[in-house]
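Here is a set of questions to work through with the sequence and the model side by side. Each answer ends on the value or name asked for.

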Amino acid sequence: MEGDVVVRQGYVSGMIGDITRLHAEYYGREWGFGMGFEAQVARDVGTFLERYEAERDGIWTVWEAGRAVAAILIDGYGTAPDEARLRYFIVGDAARGHGLGRQLMETALAFCDAKAYGRVTLKTLDGLKAACHLYEAFGFVVYERAWHEGIQELFYERLRPQESSR
């Protein structure tokens, strides 16, 4: 990566478009996803930001040269009071291999632990080996598998580490 790289928390102008672009580029090239997928990402991220509450939700983006190159969301809306969903985690092509994904995951899960989310879930695709390896390194385990339109989806959960009673 070239230039200054900055991690920002919360809304930053242009982030909806950049997060959507990152997903559309990767999933279009690697999985053949098209306009419907891109539109869904834009809707979901937009809806998340419209109802965003800093006490419940988190969003972090990595910026380089005025564009988001990586992102992660923690969505505490619509789940049980002690649960959250990790959503739209992505690291763009040029940003991979610099530890940014691991840094974003550490930040997001520290937020979840600070908010006392006892369970964090996520959905991903079987075949995303690097992502699945990272999830598992952070204590996520697969609790369900399902087929959707010919693609196997993996549902992961991470239970908050219990504090020692010593």
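Q: Which residue in β7 is the bridge partner of R145?
A: This is a predicted model. In it, β6 and β7 pair in the antiparallel sense. Across that pairing, the bridge partner of R145 in β7 is L154.

Q: How many bridges does the pairing of β6 and β7 span?
A: The two strands form a hairpin, with two residues between them. Their sense is antiparallel, and the number of bridges is seven.

Q: Which residue in the turn between β6 and β7 has a positive phi?
A: The hairpin leaves two residues between its strands. One residue in that turn has a phi of about 50 degrees, and that residue is E149.

Q: Is E153 buried or exposed?
A: E153 is found in strand β7. Outside its sequence neighbours within four places, E153 is in contact with K123, T124, L125, E144, R145, A146 and H148. Its relative accessibility is 11%, and the cut-off for buried is under 20%. Therefore E153 counts as buried.

Q: In what order do the strands of the open sheet run?
A: Seven strands form the sheet, and the pairing is mixed. Its edge strands are β1 (5–9) and β6, each of which pairs on one side only. From one strand to the next, the twist averages 20 degrees. The order is β1-β2-β3-β4-β5-β7-β6.

Q: Do β4 and β5 run parallel or antiparallel?
A: Bridges link R85 to T121 in β5, and A84 stands opposite V120 in β5. Three bridges join β4 to β5, and the two strands run parallel.

Q: How many bridges join β3 to β4?
A: These two strands run antiparallel. I74 stands opposite L86 in β4. The number of bridges that join β3 to β4 is five.

Q: How many of the residues of β4 are buried?
A: β5 is mostly covered, with six of its seven residues buried. β4 is also mostly covered. Of its nine residues, the number buried is seven.

Q: At what angle does α2 run to β4?
A: α2 lies across β2 (58–64), β3 and β4. Relative to β4, the helix runs at about 130 degrees.

Q: What is the relative accessible area of W63?
A: W63 has its place in strand β2. Leaving aside neighbours within four places in sequence, W63 is in contact with D4, V5, V6, R8, V12, S13, G14, M15, D18 and A68. W63 is buried, because its relative accessible area is under the 20% cut-off. The value is 5%.

Q: What distance separates the C-alpha atoms of W63 and H148?
A: Along the chain, W63 and H148 are 85 residues apart. In space, their C-alpha atoms are separated by 33 Å.

Q: How much space lies in the largest pocket?
A: The lining of this pocket has 42 residues. Closest to the pocket centre are Y27, F89, K123, T124 and L128. The space in the largest pocket is about 1,300 Å³.

Q: Which element gives the largest share of the lining of the largest pocket?
A: Elements that give two or more residues include α1 (15–31), α2 (35–50), β4 (83–91) and α3 (100–114). Also among them are β5 (119–125), α4 (129–137), β6 (141–148) and β7 (151–159). The largest share is seven residues, and it comes from β4.

Q: How many residues in the lining of the largest pocket are nonpolar?
A: The lining divides into three classes. Eleven residues are polar and nine are charged. The nonpolar residues number 22.

Q: How much space lies in the second largest pocket?
A: Its lining is made of 15 residues. Nearest the centre of this pocket lie R21, L22, G92, D93 and A94. The space in the second largest pocket is about 200 Å³.

Q: Which element gives the most to the lining of the second largest pocket?
A: The elements that give two or more residues to this lining are α1 and β3 (67–75). By class, the lining has seven nonpolar, one polar and seven charged residues. The element that gives the most, with five residues, is α1.

Key
Residues numbered from 1 in each chain as written. Predicted model: local features only at pLDDT ≥ 70, side-chain atom pairs only at ≥ 80, totals over all residues. Heavy atoms only, no water. 1 Å grid on protein atoms, 1.4 Å probe; cavity = no way out; pocket = protein on both sides within 12 Å on 5 of 7 lines; lining within 4 Å. Points joined across faces, edges and corners; volume = space filled by probe spheres on them. Helix = DSSP H or I, 4+ residues; strand = E, 2+ residues; numbered from the N terminus. Nonpolar A, V, L, I, M, F, W, Y, C, P; charged D, E, K, R; others polar. Pairing = 2+ DSSP bridges. Axes fitted to C-alpha atoms, helices over the stretch in contact; angles between N-to-C directions. Contact = heavy atoms within 4.5 Å. Buried < 20%, exposed > 50% of the residue type's maximum accessible area, 1.4 Å probe, protein only.
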